[in-house]
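This report walks through selected local features of one protein chain. Which of them sit inside, and which reach the surface? The structure comes next.

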Amino acid sequence: MTLIKGLLIKKVKINDQLEILKYIPRIQLRLAGEKRKHNEGRVEVFYEGEWGTVCDDDFTIHTAQVVCRELGYSEAVSWSPSSKYGKGEGRIWFDNVHCTGNEKSLAQCESNGIGVSDCKHTEDVGVVCSDKRIPGFKFVNTLTNNINSLNIQVEDVRIRPVLSSYRKRIPVTQGYVEVKDGGKWKQICDDEWTDMNSRVICGMFGFPGIKRYNTRVMFARRRKPAYWDYSINCTGNEAHLSSCKLGHMLAIKTNSTCEQGTPVVVSCVPGRAFAPTPMAGYRKAFRQEQHLVRLRGGAVIGEGRVEVLKNGEWGTICDDNWNLVAATVVCRELGFGSAKEALSGGLLGQGMGPVHMNEVKCSGFEKSVTECPFNMDKDSEGCSHEEDAGVRCNVPAMGFQQRLRLSGGRNPFEGRVEVLMERNGSLVWGTVCGEGWGTMEAMVVCRQLGLGFASHAFQETWIWPGAVNADSVVMSGVRCAGTEMSLSHCLHHGEYLSCPKGGGRFAAGVSCSETAPDLVLNPQVVEQTTYLEDRPMFMLQCAYEENCLGSTSSSTPANSYRRLLRFSSQIHNNGQSDFRPKASRETWVWHDCHRHYHSMEVFTHYDLLSNNGTKVAEGHKASFCLEDSECDEGIEKRYECANFGEQGITVGCWDTYRHDIDCQWVDITDVKPGDYIFQIVINPNYEVAESDYTNNIVKCRCRYDGHRIWMYNCHIGGSFSAETEDTFPGLINNQVTHR
């Protein structure tokens with residue numbers, strides 16, 4: 001196979017006798033258009049100095065496979081006709097393409113001939129490729145360029161620290177930009193290098209901004225640089241360097257130096273949560289930097305459902321027109337780099353409350369997504385929480401995954417927790433004491449390893465042998481808030497460990513899951529169903545046995561009354577997986593009064609607080625029976641309280657506890673008239689892992705005059721601004737500090 005004037009000439013034999021020449025155009029591909037992932041988009045072809053598109057006529061998944069592999073992805077997931085990613089421009093280079101799926105290039109497939117088409121741009125085809133890259137390709141696609149007959153591919157990109165003193169810093173924020181080309185690392189000549197190029201590089205590595213660097217560090221260079229042959233031209237909005245346009249070929253001097261004489265150095269500004277520091281001194285838990293935007297429901301730092309604050313209330317963004325540019329604005333605003341993915345369809349769980357923005361269109365350089373134009377006429381018209389937008393951001397490489405591992409499990413998502421700790425001047429692997437180990441600690445482990453959410457936390461791990469040389473306990477007394485990026489950031493004992501039972505079978509363990517449930521109580525139902533009932537003591541025997549009455553009930557005569565504040569609870573599962581009780585059903589407790597099994601010892605806390613936050617009355621309710629009372633349209637009920645069936649709440653369903661059932665109240669017999677705060681907490685002991693605990697609480701204003709009661713301003717914890725929440729004492733949200 002040879003190259004002549006931009007054409008591949010391939011010899012083809014017919015019947016082992018006649019030899020003919022087949023001309024294969026040399027082309028280049030890219031994915032363009034309105035897209036939400038770096039690995040999807042409109043298929044565009046570069047040929048004879050011009051970018052064009054491919055028609056969807058006769059297009060198949062086999063053709064999509066060829067396209068994706070040519071772009072460096074392992075396979076195609078799907079393809080889309082009718083200009084799903086927007087209409088392209090220029091020529092339609094290919095029409096009626098027929099591929100077997102084994103071709104190395106789209107140009108090798110049968111078609112009408114390059115440039116021969118009767119299609120319009122409304123028929124432009126798009127593809128979705130898998131996230132997995134072919135070895136040797138790391139970033140999104142081959143570099144787009146304006147040089148015909150070339151097919152430049154960058155295998156990898158890195159920032160290499162200039163000074164040796166910077167090499168131990170985590171994360172690496174400053175250094176040479178190097179690309180791997182043909183298996184060798186090469187530096188880039190700073191001829192024509194711009195701040196927009198630096199912005200893209202820093203965004204790739206998880207940094208929101210750039211700054212000028214001290215040119216004196218250039219004199220610290222010792223090795224002779226090998227330069228890459230090309231310049232790069234980025235707009236600043238690209239998700240990766242590989243999406244930038246390739247400039248002209250540079251005239252590299254014979255002594256391997258460029259005309260400017262210096263290689264490119266970038267200096268990135270990290271988000272506040274990722275400030276450079278030696279690993280041993282890095283102790284901070286993740287803290288959000290901005291107050292107008294937040295992420296909810298994500299398994300790892302830098303991903304989640306996007307929520308914005310408007311008029312003091314948090315709400316979501318509709319996914320209409322949601323794309324990588326808008327997602328990147330969110331990521332940079334929160335102290336991360338560029339967006340890897342713009343998620344749609346409530347993929348990270350559905351929010352509650354209003355939908356604040358719709359049809360968002362960002363330029364990419366706004367400081368906040370709240371500055372981007374959006375459809376003012378229909379903030380949420382036609383949008384439901386099924387269309388909530390989310391993001392996955394590039395975050396700095398902090399090296400946390402290398403300091404923790406799961407050992408002995410049957411699959412990579414479970415095992416005994418083993419950590420790398422410094423002991424007697426050297427780093428050793430060891431176990432974590434299982435005493436006090438719970439869901440919050442397991443959550444941090446799963447996040448640190450990039451394995452999603454915690455499914456279970458184990459205080460005994462005899463079922464998992466683990467590594468023999470790591471049996472010794474090296475960490476004890478671990479207490480996590482749940483927001484930490486590394487287990488080492490949680491509170492824990494220092495040099496002097498305390499673990500009475502020792503390690504071995506009593507070491508901490510976890511099982512992780514890519515998805516998790518998310519319970520949310522409907523505040524309107526609580527507000528609308530509240531009333532008082534005076535009920536005689538002789539009708540409250542079951543409730544008395546379940547400890548659902550006030551402390552003075554033990555001395556109350558059978559013919560006297562207890563005053564009950566009654567209400568209904570409607571508990572939705574807005575997460576990504578079903579909510580199931582922690583205890584296996586063999587351990588559930590049968591209750592003769594109610595004729596059903598209790599699957600959780602404590603499912604909900606009800607508290608009446610004074611205006612200064614003091615508890616004046618409380619109620620608690622064991623899980624009567626977790627079931628699907630009702631579901632959203634198109635979702636079938638899976639759990640029902642009947643005999644000894646399975647209990648739980650399906651995603652998209654809700655479990656209703658009506659006001660007229662036992663223990664669905666707070667006993668206020670001994671409460672004086674006045675103004676109070678009513679508070680409900682679901683899953684208060686964190687028995688079951690959820691994607692978001694902050695929305696497990698509902699708070700209401702409450703006025704009691706001795707005869708009647710009024711409930712108003714009911715809302716989910718964290719749904720209002722911090723200033724509004726400050727006027728509600730007690731729990732700000734369901735936090736680990738209150739365990």
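S83 is buried, at 16% relative accessibility. That value falls below the 20% cut-off for burial. The model is a predicted one, so every value here is computed from predicted coordinates.

**The loop after β7**

S83 lies in the loop between β7 and β8. Its phi is near 50°, a positive value in a residue other than glycine. S82 sits in the loop between β7 (76–80) and β8 (92–94) as well. S82 also has a positive phi, about 55°, although it is not a glycine. Is S82 buried, exposed or partly exposed? At 48% relative accessibility, S82 counts as partly exposed. S83, by contrast, counts as buried.

**Disulfides**

How many disulfides does a search of the whole structure find? The search returns 13. Three of them are set out below.

| Pair | S to S distance | Torsion about S-S | Handedness |
|---|---|---|---|
| C318 and C383 | 1.9 Å | about -70° | left-handed |
| C446 and C512 | 2.0 Å | about -85° | left-handed |
| C700 and C714 | 2.0 Å | 115° | right-handed |

Take C318 and C383, joined by a disulfide. The torsion about their S-S bond is about -70°, so this disulfide is left-handed. The pair links distant parts of the chain, 65 residues apart. C318 is in the loop between β20 (313–317) and α3 (324–333). C383 is in the loop between β22 (355–357) and β23 (390–393). Both ends are shielded: C318 is buried at 1% relative accessibility, and C383 is buried at 13%.

Next come C446 and C512, with their sulfur atoms 2.0 Å apart. The S-S torsion of C446 and C512 is about -85°, so the link is left-handed. What does the pair tie together? C446 lies in helix α4 and C512 in strand β29, so the disulfide connects parts that are 66 residues apart in sequence. Both C446 and C512 are buried.

The third pair is C700 and C714. With 115° about the S-S bond, this link is right-handed. C700 belongs to strand β42 (residues 697–704), and C714 to strand β43 (residues 709–716). The two cysteines are 14 residues apart. C700 and C714 are both buried. C702, however, is in no disulfide. The nearest cysteine sulfur to C702 is that of C700, 8.1 Å away. C702 is buried, with a relative accessible area of 1%.

**Helix α4**

Helix α4 brings us back to C446, one of its buried residues. The helix covers residues 439–448. Why is α4 described as largely enclosed by the rest of the structure? Because 10 of its 10 residues are buried. Among them are polar and charged names such as T439, E441, R447 and Q448, along with M440, A442 and V444. Which strands do the buried residues of α4 pack against? They pack against β24 (404–407), β25 (414–423), β27 (453–458) and β29 (509–513). The strand β29 in that list is also where C512 lies. Just after the helix, G450 takes a positive phi of about 70°.

**S267 in strand β17**

Another serine sits in a strand: S267 is found in β17 (residues 265–269). S267 is buried, with a relative accessible area of 2%. What joins the side chains of S267 and Q174? A polar contact of 2.8 Å does. Q174 is also among the residues that S267 touches, when residues up to four places away in sequence are not counted. The others are T173, C202, I210, K211, R212 and Y213.

**A three-stranded sheet**

Finally, an open sheet. Three strands make it up, in the order β31-β32-β40, with antiparallel pairing. β31 (531–536) and β40 (665–667) stand at the edges, each with a single partner strand, so one side of each is left without a neighbour in the sheet. Neighbouring strands are turned by 35° against each other on average, direction ignored. How many bridges join β32 to β40? There are 3, between β40 and β32 (residues 561–566), and these two strands run antiparallel. One residue-level match can be named: L564 has D667, in β40, as its bridge partner.

Technical notes:
Residues are numbered from 1 along each chain as its sequence is written. This is a predicted model: local features need pLDDT of at least 70, side-chain atom pairs count only at pLDDT 80 or more; totals for chains, interfaces and linings use all residues. Side-chain values use heavy atoms; hydrogens and water are left out. Two strands pair if DSSP finds at least two bridges between them. Helices (H or I, at least four residues) and strands (E, at least two) are DSSP runs, numbered from the N terminus. Axes are lines fitted to C-alpha atoms, for helices over the stretch in contact, and angles run from 0 to 180 degrees between N-to-C directions. Buried means under 20% relative accessible area, exposed over 50%, partly exposed in between (1.4 Å probe, protein chains only). Contact means heavy atoms within 4.5 Å. A polar contact is a pair of N or O atoms within 3.5 Å; within protein, one must be able to donate a hydrogen and the other to accept it, and residues adjacent in sequence count only if both atoms are side-chain atoms. A disulfide is a pair of cysteine sulfur atoms within 2.5 Å.
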